[in-house]
Amino acid sequence: MAFMLIGVAACVALKSAAQEVSQPIAYSHKKHVEEVGLECADCHANAETAARASIPNIEMCGACHNDAEAENPQERRVAEFVAGDVLIPWKVVHAVPDHAFFSHRRHVKLAGLECALCHGEVTQMEEPFAQPFLEIEMEWCMGCHEEKVASNDCYACHR
Ligand code: HEC
Ligand code: HEC
Ligand code: HEC
Ligand code: HEC
Ligand code: HEC
């Protein structure tokens, strides 16, 4: 029994360690939202209209970052991706497994929930995401559904 518990603890530790990722560009949400004045929807265009919010890439960044001589080395790197027409390999950190269904449109548009409720104070983030703001677990989904009286039928999420 003790052996099994140690095994489980080790797995949990491995799981959370593996979840820390390092992003290819030191992107700052704070800079782009507070200083540049962009809105979430300018970059995550599908958050109100589709299941996936989507992460912007060179076609979007290129509108402002095409100066290969920029002073900031991170901006130069973005300009290199843009000039080479190479996609920035962002690592997606918030993800539900394929056997469960989640839709941004449903939660943002229909339920009117704020991004911050599920993703934290993104406007204050100076570093890119290394891990999800909240662990994406079934109890988390069901807890809010219970509170907001949304469906907790198994087939609502497992289609
Ligand atoms: C509407 C214009 C605009 C768009 C679009 C834009 N940026 Fe920026 N970005 C800026 C400005 C302005 C700065 C600040 C420049 C400065 O302070 O010298 C900046 C700064 C940066 C920096 C330097 C980091 C820092 O903290 O100063 C990085 C890296 C960066 N942007 C990445 C990106 C990426 C990646 C995208 C696409 C997802 C993007 N930007 C889209 C305008 C933009
Ligand atoms: C009810 C909770 C909730 C709200 C509200 C929410 N999200 Fe999400 N977000 C999630 C979950 C869960 C995932 C993982 C979804 C998946 O894998 O299909 C995710 C994934 C993402 C991703 C990365 C993957 C993708 O979908 O492309 C981005 C970007 C994102 N959300 C942005 C936003 C923005 C911007 C808003 C506000 C307009 C928002 N989210 C509102 C829960 C939420
Ligand atoms: C200039 C474009 C831009 C704007 C504006 C912007 N984002 Fe992002 N967002 C990005 C980029 C690039 C990434 C990938 C790098 C990172 O993880 O920080 C990202 C990542 C995310 C993720 C994590 C996606 C994942 O991997 O699961 C969430 C959540 C998110 N943004 C929410 C927001 C919210 C909420 C707002 C408005 C307050 C916002 N973003 C505004 C460009 C933007
Ligand atoms: C913060 C609260 C909150 C969280 C967290 C949340 N949801 Fe929801 N969800 C809602 C609300 C409210 C609705 C009802 C939206 C509407 O008006 O249609 C809903 C609706 C849904 C529906 C449509 C149900 C139907 O009737 O067919 C699905 C599917 C769903 N959510 C999946 C998820 C999944 C999967 C997660 C976790 C990854 C999750 N939700 C997390 C609040 C939440
Ligand atoms: C509101 C959405 C939602 C509802 C309702 C829901 N689930 Fe889930 N379920 C999820 C999400 C998201 C995951 C993946 C995250 C995780 O593993 O915790 C999941 C994971 C699972 C798993 C896999 C667990 C694992 O360890 O891999 C099973 C089995 C499961 N659900 C069964 C059910 C059953 C049975 C019901 C009905 C009593 C149900 N779910 C209702 C969202 C939901």
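pLDDT is the predictor's confidence in each residue, on a scale from 0 to 100. The structure treated in these exercises is a predicted model.

**Exercise 1. Confidence and overall fold**

Determine where confidence in the protein is lowest and where it is highest, and describe the order of its secondary structure elements.

Solution.

Step 1. The mean pLDDT of the protein is 90, and 88% of its residues reach 70 or more.

Step 2. Confidence is lowest in helix α1 (residues 2–19), with a mean of 45, and highest in α2, with a mean of 98. Over residues 1–18 the pLDDT is below 50, and this stretch has zero contacts in the model beyond near neighbours in sequence.

Step 3. The protein contains nine helices and zero strands. Along the sequence, the pattern is therefore α-α-α-α-α-α-α-α-α.

Step 4. Of the 159 residues, 7% count as buried. Among contacts with a separation of 6 or more, 61% join residues 24 or more positions apart.

**Exercise 2. The two sides of helix α5**

Establish which residues of α5 are buried and why they lie on the same side of the helix.

Solution.

Step 1. Helix α5 (73–84) has 12 residues and reaches 16 Å from its first C-alpha to its last, close to the 16 Å expected at 1.5 Å a residue.

Step 2. The buried residues in α5 are Val78, Ala79 and Val82. These residues cover an arc of only 100° around the axis, which puts them on the same side of α5.

Step 3. An α-helix has 3.6 residues a turn, so residues three or four places apart point the same way.

Step 4. What covers the buried residues of α5 includes α4. The face turned away from the buried side carries the exposed residues Pro73 and Gly84.

**Exercise 3. Two residues with positive phi**

Locate Asp85 and Val149, and classify each as buried or exposed.

Solution.

Step 1. Asp85 follows just after α5, in the loop between α5 and α6. Although Asp85 is not a glycine, its phi is positive, at about 55°.

Step 2. A residue counts as exposed if 12 or fewer other C-beta atoms lie within 10 Å of its own. Asp85 has 9 other C-beta atoms within 10 Å and is therefore exposed.

Step 3. Val149 lies in the loop between α8 and α9. Val149 is not a glycine either, yet takes a positive phi of about 55°.

Step 4. With 7 other C-beta atoms within 10 Å, Val149 is therefore exposed.

**Exercise 4. The surroundings of Trp140**

Decide whether Trp140 is buried or exposed, and identify what it touches.

Solution.

Step 1. Trp140 is found in helix α8. Because 12 other C-beta atoms lie within 10 Å, Trp140 is exposed.

Step 2. Not counting residues up to four places away in sequence, Trp140 touches Leu134 and Glu135.

Step 3. Trp140 and Cys118 are 22 residues apart in sequence, and their C-alpha atoms are 9.9 Å apart in space.

**Exercise 5. The shells around three ligands**

For ligands 1, 3 and 4, name the closest residues, the contributing helices and the division of the shell by residue class.

Solution.

Step 1. Ligand 1 is surrounded by 18 residues, of which Ser28, Pro56, Cys61, Cys64 and Gln74 are the closest. Helices α2, α4 (58–61) and α5 each supply at least two residues of this shell, and α5 gives the most, with three. By class, the shell around ligand 1 holds 11 nonpolar, five polar and two charged residues.

Step 2. Around ligand 3 there are 22 residues, and Cys40, Cys43, His94, Cys115 and Pro128 come nearest. The elements giving two or more residues to this shell are α2 (29–35), α3 (40–43) and α7 (115–119). The shell around ligand 3 divides into 14 nonpolar, seven polar and one charged.

Step 3. Ligand 4 has 21 residues around it, with Ala111, Cys141, Cys144, Ala150 and Ser151 the closest. Two or more residues come from each of α6 (104–110), α7, α8 (138–148) and α9 (154–157). Helix α8 gives the most to the shell around ligand 4, with five residues. This shell comprises 16 nonpolar, three polar and two charged residues.

Technical notes: Residues are numbered from 1 along each chain as its sequence is written. Chains are lettered from A and ligands numbered from 1 in the order in which they are written. This is a predicted model: local features need pLDDT of at least 70, side-chain atom pairs count only at pLDDT 80 or more; totals for chains, interfaces and linings use all residues. A residue is near a molecule or strand if its C-beta atom, placed from the backbone, lies within 6 Å of it. Helices (H or I, at least four residues) and strands (E, at least two) are DSSP runs, numbered from the N terminus. Ala, Val, Leu, Ile, Met, Phe, Trp, Tyr, Cys and Pro count as nonpolar, Asp, Glu, Lys and Arg as charged, and the others, Gly among them, as polar. The expected span of a helix is 1.5 Å times one less than its number of residues. A residue is buried if 20 or more other C-beta atoms lie within 10 Å of its own, exposed if 12 or fewer, and partly exposed in between; C-beta atoms are placed from the backbone. The arc is that of the directions from the helix axis to the C-beta atoms. Two residues are in contact if their C-beta atoms, placed from the backbone, lie within 7 Å.
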